[in-house]
Amino acid sequence: MDLSKHRIIIEGKTKIIYENPGDPNTVYMKFKDDITAGDGVKHDVIEGKALVDWKTNRDIFEFLNRKGIRTHYVESPAECVSLVKKLDFKINLEVVSRRVAAGSILKWGGIAEGTRFDPVITQFHYKDDPLHDPMLDDTYVEYIIKAKEGGEMFREMREINTEVFALLEAAFAAFTIQLLDFKLEYGLIGGVVTLIDEISGGSFRLWPYAKENPDLTKKNVLSELDPGARLDKDTYRQGESLDQVQSKFEQIAKITAGFKGL
Ligand SMILES: Nc1ncnc2c1ncn2[C@@H]1O[C@H](COP(=O)(O)OP(=O)(O)O)[C@@H](O)[C@H]1O
Ligand SMILES: [Mg+2]
């Protein structure tokens, strides 16, 4: 599929959004081989990354659509290209949900790695690299959306995030992998809060189970999981080779291919 003659609406760090001249209500999303971390400070290009992210994203969004989640995803008409419903309004937030403590949350209040959160914790971050995506309080989230669009949308985002977390946690569990956390993005489509953007290797933390029947109800589940065999972007953040990073993302795509049967 040749998108080169289509007008570019916006180019981000990992995707290019192109106009769809055939239908003003949809846009094409083209995945790039770029990978970034630390709010864009660390940046590389990994040949073949766009293709695996596109596969993972396709399988996850098709799974979520089948489960009745309201998403922008329509179809994936060609390699590295997805067709999605066009945003009316981008909600400039990253909505993070966490089941198991890892990453930045360990710096806040001395939480031990592996601490299990039940219910899942959800955080709203203002998407801004120079500001390092600061966390916002619910009332401020409501204020900034209301000021622009009206409505009480943060509650819906929290609900959708929690529902998607439960679905994906169960899906990865079927492959003996724990979903620790993820970040999702939202926009308004037809005035309604809708899951947008991508869900791929860089969106979450995934640790395989360390044993056959892990006890995942413990207060801390670190001993039940195998962080050394992590499948996620922490591999990249921690400076492993780009080949290693790509191989992890390929493993994720192999697993999400199995979501078709769920
Ligand atoms: N359904 C959609 N319609 C229009 N734009 C979208 C849609 N979904 C995502 N986008 C936009 O695609 C852009 C590119 O994505 P990405 O490369 O992830 O950017 P970023 O560098 O901001 O993470 C973002 O600005 C995002 O808001
Ligand atoms: Mg992005």
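**Exercise 1. Find the side-chain partner of a nitrogen atom of ligand 1, then look for other polar contacts.**

Step 1. An N or O atom in the side chain of His-72 is 2.8 Å from a nitrogen atom of ligand 1. A polar contact is a pair of N or O atoms within 3.5 Å.

Step 2. Turn to Thr-14. One of its backbone N or O atoms lies 2.8 Å from an oxygen atom of ligand 1.

Step 3. Lys-127 has a polar side-chain atom 3.2 Å from an oxygen atom of ligand 1.

Step 4. Ligand 1 taken alone exposes 560 Å², and the protein buries 90% of that. Such areas come from the Shrake-Rupley method with a 1.4 Å probe.

The model is predicted: local features need pLDDT of at least 70, side-chain atom pairs pLDDT 80 or more, while totals for chains, interfaces and linings use all residues. Residues are numbered from 1 along each chain as written, chains are lettered from A and ligands numbered from 1 in written order, and side-chain values use heavy atoms, without hydrogens and water.

**Exercise 2. Explain why ligand 1 lies between two domains.**

Step 1. Domain 1 (8-85) and domain 2 (89-243 + 251-261) both give residues to the shell, so ligand 1 lies between them. The bounds come from an automatic or database domain assignment.

**Exercise 3. Decide whether Gln-246 is buried or exposed.**

Step 1. Gln-246 has a relative accessible area of 8%.

Step 2. Buried means under 20%, exposed over 50%, partly exposed in between (1.4 Å probe, protein chains only). Therefore Gln-246 is buried.

Key
Polar contact = N/O pair within 3.5 Å; in protein donor to acceptor, adjacent residues only side chain to side chain.
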